[in-house]
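Q: Pick one part of this model and walk me through it slowly, please. I'd like to know what packs against what, with the cut-offs spelled out as you go.

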Amino acid sequence: MSESSSPERKRLLALSIAALGVVFGDIGTSPLYAVREAFGEHYGLALTEANVLGVLSLIFWSLVVVISLKYLTLVMRADNHGEGGIMALTALVMPSKLRRGHWRYFAVMLGIFGASLLYGDGMITPAISVLSAVEGLQVAAPRLEPFVIPITVGILVALFLLQSRGTQRVGGLFGPVTLVWFLSIAALGLAQIVRNPHVLAALNPYHAAHFFATNGWAGFWVLGSVFLVVTGGEALYADMGHFGPLPIRLTWFFVVLPALLLNYFGQGALLLANPAAVENPFYLMVPGWATYPMIALATAATIIASQAVISGSFSLTRQAMRLGFLPRMTVVQTSSEEIGQVYIPTINWILMFATVGLVLGFRSSSRLAAAYGVGVTTDMVFTTLLFAVVAWSLWKWPRWVVALLTLGLLAVDLSFWAANIVKVPQGGWFPLVVGAVMLLVMTTWYHGRTLLSDVLKKDAFPLERFLETLAASRNPPVRVPGTAVYLTRNPDVVPPALLTNLSYNHALHERVVVVSVETEEIPRVAGHLRGELRRLELGFTRVVLHYGFMEHPDVPAELYVMEELALDPDDTYFVLGREVVLPEGKLGMPRWREQLFALMQRNALPATAFFNLPHERTFEVGHLVRL
């Protein structure tokens, strides 16, 4: 028994260490700025013992309720065939056909808006994380303050420039480096707690309640900064597919949570002993001799945290493309072993310019903290609502249980949201604007594709009726040697490209394969379920390929391995139809949205590249569509 369990234990240990770097990078670097922001000048809180204990109590119970209870215990149950994240959660409630006015439509729109907000998080997290780490130079040597912004910008630009190479080579270091980070911040905090163990009284929720009662609305607004300790909660859920729930839960309860609590309480102990340390309590806990090594370690930890968020943006984009909410883009697989490691150039450059712009515009992590939180809290509210939909409609939990849990979680989520929404004028507008723009883009693309599909269906000719007509024809078209593969949305109708080719050339290949690619509402499709094949008359074959929303389609590879088709790569040609959209304001969508859709349609990645078709054996046939 011990021999069989030993490899499993080693694998669990390896997954847990790897999860440290990928899953907990964001939440693990919050000690750099969270406590400092809670006692910032904008709140006007006096550094009294009661206030310090109150803030620490809020931090403790926020980590317990939001992370331990909500995400690790409840939300991680809502996996989509092992995958997590708000797009996977949205796919669980998404019907095969979205109808406006239906309650599921509104649920899906919540999920899409939540996913849109994560792009703002992908821009702010690298900026605030790296900047807060480099700001340690101001503590070590105030004369270096002018170099903080240039160094931060240099690190961020290098980070984005290296994305195309992937993280496979250095990814193995992420876990060990992050483990050293957590052990180090735990040791720093423990040293302060030993000197002032009275801070442990903050474990009692009485101090949180007393804090609110004493400080009134000023105490409530502090929740806007306390929330910084739980940012990164979505990452725990989103990365579940890479590591599984068990390694994430074990790492949280045995490493991350203890280290975070020790550091936060250590910062509180330092503030009780030296209120002047509020300027930067994290770095002022560090002994003088260790300041520069800690700055280097903090910078490495924030780079790792930023890498996880950037990779998450790439993964989110790929899921949105496969579910039909974003146009096709270039997707580069950067790892031969890990399917989740991808690079999307368009998203990478957008994130880089936005992140550098945030650093240059806000110029300090304290100012950036105002922009941080609004989008994430809104996203957490949406996650709670979608979880309730899944628990009620899919799992059939009793309504009173779902209502009780939802109300309890929303009470916490909405409190954080209300405390953050007042930051909108100071920078909180940024993630909301990013989210609104991405929501507009996603919904325009989805509805535009739906309208385009409806237009094409009106002119569609059923495939089997076409074959009957062809068989009965007294003057059938010439059949030329070889195989033609036509890609089409609907496998039951004649591809428009085939009709156009027939009308111009009056010829058909001896073998014609009509292929349709369908995206399922699951992350991955098993190999034996990938293809459906049906032979028709007159040398025609219909094939439907099924892919999950986490997979990248490779049509030729799948067709060549289908023994029933027996395709010869040197004698097979691929034919695509390319719709050229001409917006005319006929279909109910505002003219400007039709023009936006047409612009995205023109600039989308050609299907040739997206489906990995051989360029030298692929033909495109244009088709004008008036919308």
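A: What follows is a close look at one long helix, the helices around it and the loop that comes after it.

Bookkeeping first: this is a predicted model, where local features need pLDDT of at least 70, side-chain atom pairs count only at pLDDT 80 or more, and totals for chains, interfaces and linings use all residues. Residues are numbered from 1 along each chain as its sequence is written, and side-chain values use heavy atoms, with hydrogens and water left out.

Let's start with helix 16, residues 291-322 (helices are DSSP runs of H or I with at least four residues, strands are E runs with at least two, and both are numbered from the N terminus). The axis of helix 16 and that of helix 17 (residues 345-362) come within 10 Å and cross at roughly 135 degrees. Axes here are lines fitted to C-alpha atoms over the stretch in contact, with angles from 0 to 180 degrees between N-to-C directions. Helix 16 and helix 17 are therefore oblique to each other (under 35 degrees would be roughly parallel, over 145 roughly antiparallel, 65 to 115 roughly perpendicular, and the rest is oblique). The crossing is right-handed, as the near helix is turned clockwise from the far one by less than a right angle; anticlockwise would be left-handed. On the helix 16 side, Ile310, Ser313, Phe314 and Thr317 make the contact, and they meet Ile347, Asn348 and Leu351 of helix 17 (contact means heavy atoms within 4.5 Å). By type, that contact splits into 4 nonpolar, 3 polar and no charged residues (Ala, Val, Leu, Ile, Met, Phe, Trp, Tyr, Cys and Pro count as nonpolar, Asp, Glu, Lys and Arg as charged, and the others, Gly among them, as polar).

Now for another neighbour. Helix 8 (residues 148-161) packs on helix 16 at about 45 degrees, the axes being 11 Å apart. That angle makes helix 8 oblique to helix 16, and again we get a right-handed crossing. Ile155, Leu159 and Phe160 come from helix 8, while helix 16 brings Thr299, Ile303, Ser306, Gln307 and Ile310. So Ile310 turns up in the contact with helix 17 and in the one with helix 8. The tally for helix 8 with helix 16 is 5 nonpolar, 3 polar and no charged.

Follow helix 8 one step further and you reach helix 6 (residues 103-134), packed at about 130 degrees with the axes 9 Å apart. That makes helix 6 oblique to helix 8, and the pass is right-handed. Pro126, Ala127, Val130, Leu131 and Val134 of helix 6 touch Val148, Ile149, Ile151, Thr152, Ile155 and Leu156 of helix 8. Here the split is 10 nonpolar, 1 polar and no charged. Ile155 of helix 8 faces helix 6 and also takes part in the contact with helix 16.

Last stop: the loop between helix 16 and strand 1 (332-333), where Phe325 sits. With a relative accessible area of 0%, Phe325 is buried (buried is under 20%, exposed over 50%, partly exposed in between, using a 1.4 Å probe and protein chains only). Glu594 is 269 residues away from Phe325 along the chain, yet their C-alpha atoms are separated by 15 Å.
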